[in-house]
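I opened this notebook to keep track of what I looked up, one topic to an entry. I begin with the aromatic rings and then turn to other parts of the chain.

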Amino acid sequence: MKNAQFTLVESSKASSAPRPVISPKTRLPEQGDRILERQRLIDELTASAGKGHVWINGPPGAGKTVLAAGYARQVAMPAFWYDLDPLDADVVSFFSTLPQAFIPRFPSIADGCDLPKLSPEDMLALPVFARRFFRSLFLSMPGKWLLVLDNFQEIPEQSPLVHLLQICLGEIPVDCRAIILSRKPPPAVFSRMRVEGKIQVIDPAPLRFTPAEIGKVMSLHGITGEQESCIHYLHKTTAGWAAGLTLLLKEQNREICARDQGEEFDHQELFDYFAGVIFAGLGEQEKDRLMLAAQFPEIRPGLIDRLQKTDGGKAYFLRLSRESFFTYRLDNQGELFQFHPLFRQFLRQKAKAVMPAAVLTPLLEQAANSFAADNRQTEAVDLLIQAKSWNRAAEHIRKNGAVMLDQGRFKTLLRWQQALPQQIVGGNPWLLFFFGVATTAFDPLQAIEILKKSFSLFQKENDTTGSLLACCSLTNSIINHLSELPALDPWLDFLEEQLDPRTLPDDGSFANSTMAAAIARALVLRRPDHPDLELWLQRIVRRGGMHPALITHYLWTGRFPEARAALDNIYAHKDRIGSKLLLSAIKAMEVQYYLIMCEPDKCIRVIEESLQMMEETGIRVWEVHFFILGAGCCLNCGRKKEAAGYLRLMEQHIDRARLLERSYYHVVKTLEALLAEDLVAADRHQRSALDMAEKIGMPSYFTWCWYGSALVAVFQQNYTAASTRFERVFQLAAAPGNPWFTCQAHLGLAYMHRHKGEWQEMRHHLQQGFFLARKKNYLTFFFFLPKMMETLAVAALEENIEPTFVRRFIVRWNPTPVDPPVHLDNWPWPIKIFTLGRFSILRHGKKLSPAVRAKNKPIQLLQAIIALGGRQVNKERLADIFWPDSNGDEQAAALKITLHRLRQLLQVKGAIIQTSTYLTLNPRICWVDCWQFERLAGRALDGDNLDQQGRSIAIGKALPAYQGSFLASSEEEAWIFPYRQRLQQLFEQLVNDYGEALSS
């Protein structure tokens, strides 16, 4: 009787006990020079083993043994290997040989260590015996250890050992682990352990080699140089199967990587393997069954039986799948199966060699009819192409192309385009139409040429519907090319001659829905002032609003709540969007929305989701667009580092950037240069952006570029050019009725006039700009630099222009002016402190409680900081004021505690700035009425900068700010007098000067 194999694997961290002599037959599988140890799988196995035992299942040659052996070498515990074979089905043999696997590490097991002996009567109660046996065995094995059971599939399902091994796993100590390797998933007897999480399953999918891993294996095999095409071929051909990969790489001397990818390869060695192991031993009927099944993308036993006029197909393929003979079951009922790609290729080549076309073609056509009857049109077309039934395939595409476009199945359409003879495609306008629309997702420029041919053929055939559809799709391709939208004009003119939104049926048909959406999108981008635009957009709304044209229109006309509502509606019905190209365009508009709303976190999230979707679908038309939108959003929100990262990505892919994206790049670089105060670079980039925008021919975007150009002129102090450019913005914004651009232009002009000292003009544009901003709730803008926003907000509050809205604007942007506007008590200060004639504190507009205002040490400390100047007040001086009788350490401790209590009282982070020597009341957070009075008084008494009338006005503003003596109700403390006296003297001087001004 042949014994089961067993092996001891010693970890590098295991005990240094003498290592026994191990038979070559039972040695741990050695790792050859060309075996890649995949840390990815080791990590996954480690994570799974952290949760319970691990079951690894996969087809023969999938790399299970290599993985388990690699893990066993790395694991920080003794690891034991037991190779199951069919003789272990004899449980007597199993119970006698299993303990031998552990003897080298635990010698006491060789002496029996009180292990139960299997007797004939125990055969009637094997589960009971097995539980006693495994408990006794594992009690004799202290510490942590790992047991690997290889080739579990060698144990017949009807063998009692299957149930006994389930008991074995249940008895393994909690700190120890078992790994089971099998070609099959765990049998039903292990279901409960799986549900309880005691067994973690690693399915075949992770075992497959990734393209990156294939590249590493190629290097191990000495294949260097250009590997990309070879990696793609190997990955596609082997589906990551380790054994197939190894066999194919033996062809390296035949230079497989240099061959044409479309060539049919005769991997003789690999196919000999298949033929020898599987195919040669089959009967002729079975061979025919397999060769016929290989013609289909998936195996349907019922269909095979009907075509061959036989039965038993289901049971046959179930057996193949259970034995993991390169056949995989795809459902629970046993009605769907699939061959491994290499096995299918082998069978198809066999069929090509031995099955004449006269026999195979009718079978394929019958199968196509069957798939079509089941509404499996894709499979039907593939089979017809395979049978070279070109006209029937073309008719199927004609009938189902619209549905496939709606589902976004562009790659399938393009695959058919390549498979059909060009004379069939070139003479069929509907095929050209469907293939042209599909091409738009990947190459808009090529799509334009295909759709022009389609349009021309439709025109020759007097097919009005086809002509209109081709024309509409042409407009979409031109738009997706995002380069020169004036090319839309002749096609838009044609559509306007043929279609009227008042008479076109709104029946939801593919043709009418496509036409309405295409016209609306083209008008939004090219003719936003068109009188029928809103009528076309209403049709999109009535059909569910699932189109980016609607969002684009709302964004470019400043209707941001409607844009948000449209996005919410789309995502509430996202499952209705089959086209990933359409979804990418929608997501691009969502990112644009977050850019305008200045919400960078949401912007980045959508960008990452979109890039992942592109990775999965290969539809990358909008990829570069997302890079530049991300850069603009981050830069507009002050996140310069993240913006720089997106700009680098943009620059790396600049060769794929469309004209709009290249122009947009210069817009963002203009903003970057303005933030860096590099006016030379800003001017250079804005000129490039504007030149490209003019070629693009998108009026709304053109307006944006003119606005950026006007701001650059303001910062260059080229006020004549700035005025001309702002006037251009007003003109462009007026036609489509865009209040957002109009609002920004007014505020830009207000900023310019303030710098010029033209107060009346400044007030006019401030009033116009903030009136529109308040009416439309515009709290965010693009191209607004922080210093510009601060200046406008201060000016508006000084002039009492829309003060409530402006305060909301300030809170939204949280500007931190270099020169805090302490003269403004209506600025939304987090902390306001009143000291003249009274003492009180407001925190975010709410008065602190009476207990807080009581005369205690934290309040006195705050008053002293103010009285001593508020800025860089010496800590030692404060300590001497309040704790004169204490030593230095005691003073420091008392001041530290009091300062802590003061910060708790104020509850605004950063209100008190502390250094090792000084304390400062933060003027960007805290407003103090005496500071306001000092600022206003200083302006009024500065006679050099004001005429007599201006000085009288300034004094009139300063006098009301003095509401009484500084800390009038406080005790007569020496530290109060100097500052109180100084403020009183300022007040008296103002009164005298005001009297003199009146008398003169």
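**Entry on aromatic rings.** I looked up the aromatic pairs, and the count comes to 48. I keep in mind that this is a predicted model. One of the pairs I examined joins Phe138 and Trp145, whose ring centres are 5.2 Å apart and whose planes stand at 45°, so the pair is tilted. The word "tilted" follows because planes under 30 degrees apart would count as stacked and planes over 60 as edge-to-face. I then asked whether Phe138 is buried or exposed. Phe138 has a relative accessibility of 4% and therefore counts as buried, and Trp145 is buried too, with a relative accessible area of 0%. Both residues belong to one aromatic cluster, whose members also include Phe80, Tyr82, Phe94 and Phe134.

**Entry on the whole chain.** I noted that the chain holds 46 helices and 15 strands, and that 55% of its 1000 residues count as buried. Among contacts between residues at least 6 apart in sequence, I found that 67% join residues at least 24 apart. The chain exposes about 45,000 Å², and carbon and sulfur atoms supply 50% of that area.

**Entry on helix H43.** I chose this helix, residues 888-906, for a longer look: it has 19 residues and reaches 27 Å from its first C-alpha to its last, close to the 27 Å expected at 1.5 Å a residue. Which residues of H43 are buried? I listed Gln891, Ala894, Leu895, Thr898, Leu899, Leu902, Leu905 and Leu906. Seen down the axis of H43, these buried residues fall within an arc of 135°, so they line one face of the helix. I added a reminder about helices in general: an α-helix has 3.6 residues a turn, so residues three or four places apart point the same way.

The face of H43 turned away from the buried side carries the exposed residues Asp889, Lys896 and Ile897. When I looked up what covers the buried residues of H43, I found that the cover includes helix H41 (857-867), helix H42 (875-882) and several strands, among them S9 (831-834) and S13 (912-914).

I also checked the two ends of H43. Asn887 caps the N-terminal end, with a side-chain oxygen 3.2 Å from the backbone nitrogen of Asp889, and just after the helix Gln907 takes a positive phi of about 60°.

**Entry on positive phi.** I wrote down first that most residues other than glycine have a negative phi. Where does Glu802 lie? Glu802 is in the loop between helix H39 (786-798) and helix H40 (803-813), and although it is not a glycine, it has a positive phi of about 45°. I recorded Glu802 as partly exposed, with a relative accessible area of 21%.

Gln872, also a residue other than glycine, has a positive phi near 50°. I found Gln872 in the loop between H41 and strand S12 (873-874), and at 57% relative accessibility Gln872 counts as exposed.

**Entry on Ser48.** I looked up this serine last and found it in helix H1 (residues 39-49). Ser48 has a relative accessible area of 12% and is buried, because buried means under 20%. Which residues does Ser48 touch, not counting those up to four places away in sequence? Ser48 touches Val54, Gln200 and Ile202.

Notes
Residues are numbered from 1 along each chain as its sequence is written. This is a predicted model: local features need pLDDT of at least 70, side-chain atom pairs count only at pLDDT 80 or more; totals for chains, interfaces and linings use all residues. Side-chain values use heavy atoms; hydrogens and water are left out. Helices (H or I, at least four residues) and strands (E, at least two) are DSSP runs, numbered from the N terminus. The expected span of a helix is 1.5 Å times one less than its number of residues. Buried means under 20% relative accessible area, exposed over 50%, partly exposed in between (1.4 Å probe, protein chains only). The arc is that of the directions from the helix axis to the C-beta atoms. Contact means heavy atoms within 4.5 Å. A polar contact is a pair of N or O atoms within 3.5 Å; within protein, one must be able to donate a hydrogen and the other to accept it, and residues adjacent in sequence count only if both atoms are side-chain atoms. Accessible areas come from the Shrake-Rupley method with a 1.4 Å probe; for residues, only the protein chains shown count as cover. Rings of Phe, Tyr and Trp (its six-membered ring) pair if their centres lie within 6.5 Å; planes under 30 degrees apart count as stacked, over 60 as edge-to-face and the rest as tilted.
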